[in-house]
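Look at the chain as a whole before turning to its parts. The paragraphs below go from the sheet to a helix that lies on it.

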Amino acid sequence: MTDLDRRDFLKASAAAIAATGITTNASAESTAMTEPTPAPTHAIQMPAFVDHSHLIVRDLPMISSWYQQIMGLKPVEKTASGEVLGVDGHPLLTLTTEGDAAIAPRNAPGLFHTAFLMPDRTELGRWLAHIAHNNVPLQGASDHLVSEAIYLGDPEGNGIEVYRDRPRAEWEYLQDGMVKMATLPLDLQAIYDEAPKDKWDGMADGTAIGHIHLQVSNIPEANSFFRDVLGLDLMATYPGASFFSSGKYHHHIGANIWNSRGAPKRQANMTGLSDYTIRFNDPVKLQSALAALEKLEIPVTRSGEGYSLVDPWGIGLKLEA
Ligand SMILES: [Fe+2]
């Protein structure tokens with residue numbers, strides 16, 4: 001692809017994004033040259049964080065190949081029913097397939113997106129250049145004040161965000177302890193232009209799942225579950241969405257009802273998000289969450305490395321220390 005073609009791709013992506021109501025803005029000011037580099041793994045250094053996502057897919061070889069070629073994940077392990085992919089040997093995404101899996105309707109509780117956090121803006125740009133060269137369509141791109149985010153979907157429609165954080169010193173905390181976030185245009189062209197045009201060899205070491213964003217059916221119920229039961233902090237609210245974190249990160253978990261308001265529980269063995277894992281760096285917080293789950297008589301199963309449960313919307317959740 002020539003430089004001209006790449007610019008056309010970015011323009012086409014921008015047009016597609018504009019058509020979805022999120023616009024890019026070529027005049028947005030770049031701050032890449034003046035910012036200190038944030039700690040690449042700060043999201044996962046908090047007392048609790050999202051460590052892993054598990055998708056049930058229909059075409060395992062095709063989807064696995066896509067995550068390797070387009071997202072730059074590498075095989076970590078093969079299992080009886082699937083594969084584990086990750087970065088630098090660290091597992092991030094499990095893909096399994098089951099012949100009788102029902103195709104999840106769009107409004108089912110489950111995944112809105114798995115968000116991969118890049119170490120810095122340069123790596124975000126290098127990945128953007130890679131997908132531009134491969135003509136991968138984008139679904140959106142936003143400046144959230146705390147972060148710069150690019151959205152797409154895998155070939156079976158599982159949502160993906162790829163983002164980088166601005167330094168935490170630049171985040172604005174409000175008087176109530178929440179963090180200021182917004183959805184503003186993102187200058188994709190600038191991010192692309194600033195990236196070195198060297199060979200891309202997959203996701204950089206340090207890339208992690210920074211957050212997971214879920215479709216749930218009821219926001220007050222989400223506030224109760226993630227804040228009051230699991231012990232996360234409510235960090236931001238949007239119309240129809242709440243954002244939760246540990247350690248005052250902007251969010252480790254998002255929950256919205258934009259497609260799924262009032263939807264019935266997710267059924268077992270549906271395509272899409274089977275389960276995800278919250279890992280606790282602080283074992284006291286894990287014990288508090290387990291005690292709250294027991295008090296509410298929410299069934300929890302002790303599994304090999306931690307605890308498994310099903311959330312109020314039928315989404316699997318593992319808690320591990
Ligand atoms: Fe997100």
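Two strands are said to pair if DSSP finds at least two bridges between them. By that rule strand 15 and strand 16 (residues 306–310) are partners, running antiparallel to each other with 3 bridges. In this pair, Ser303 lies opposite Gly306 of strand 16.

The model is predicted. Its mean pLDDT is 90, and 88% of the residues reach 70 or more. Residues 15–37 need caution when you read the picture: pLDDT stays under 50 there, and the model has 38 contacts beyond four places in sequence for this stretch.

The protein holds 6 helices and 17 strands. Of its 321 residues, 42% are buried. Among contacts between residues at least 6 apart in sequence, 71% join residues that are at least 24 apart.

Now follow the sheet to which the pair belongs. It is an open sheet of 8 strands, in the order 2-3-4-1-14-17-16-15, with mixed pairing. Strand 2 (74–79) and strand 15 (301–303) are at the edges and have a single partner strand each, so one side of each has no neighbour in the sheet. On average, neighbouring strands of this sheet are turned by 25 degrees against each other, with direction ignored.

Helix 6 (residues 283–295) packs on this sheet, where it touches strand 1 (48–57), strand 14 (272–280), strand 16 and strand 17 (316–320). The direction of helix 6 makes about 125 degrees with that of strand 14.

Does the length of helix 6 fit its number of residues, and what should be compared? At 1.5 Å a residue, its 13 residues should span 18 Å, and the end C-alpha atoms are 18 Å apart, so the two values agree.

Which residues of helix 6 are buried? They are Lys285, Leu286 and Ala289. These residues cover an arc of only 105 degrees around the axis, and therefore lie on the same side of helix 6. They pack against strand 1, helix 5 (219–229), strand 14 and strand 17. The other side of helix 6 carries exposed residues: Pro283, Val284, Gln287, Ala291, Glu294 and Lys295.

After helix 6 comes Glu297, which has a positive phi, near 55 degrees.

Notes: Residues are numbered from 1 along each chain as its sequence is written. This is a predicted model: local features need pLDDT of at least 70, side-chain atom pairs count only at pLDDT 80 or more; totals for chains, interfaces and linings use all residues. Helices (H or I, at least four residues) and strands (E, at least two) are DSSP runs, numbered from the N terminus. Axes are lines fitted to C-alpha atoms, for helices over the stretch in contact, and angles run from 0 to 180 degrees between N-to-C directions. Two residues are in contact if their C-beta atoms, placed from the backbone, lie within 7 Å. A residue is buried if 20 or more other C-beta atoms lie within 10 Å of its own, exposed if 12 or fewer, and partly exposed in between; C-beta atoms are placed from the backbone. pLDDT is the predictor's confidence in each residue, from 0 to 100. The expected span of a helix is 1.5 Å times one less than its number of residues. The arc is that of the directions from the helix axis to the C-beta atoms.
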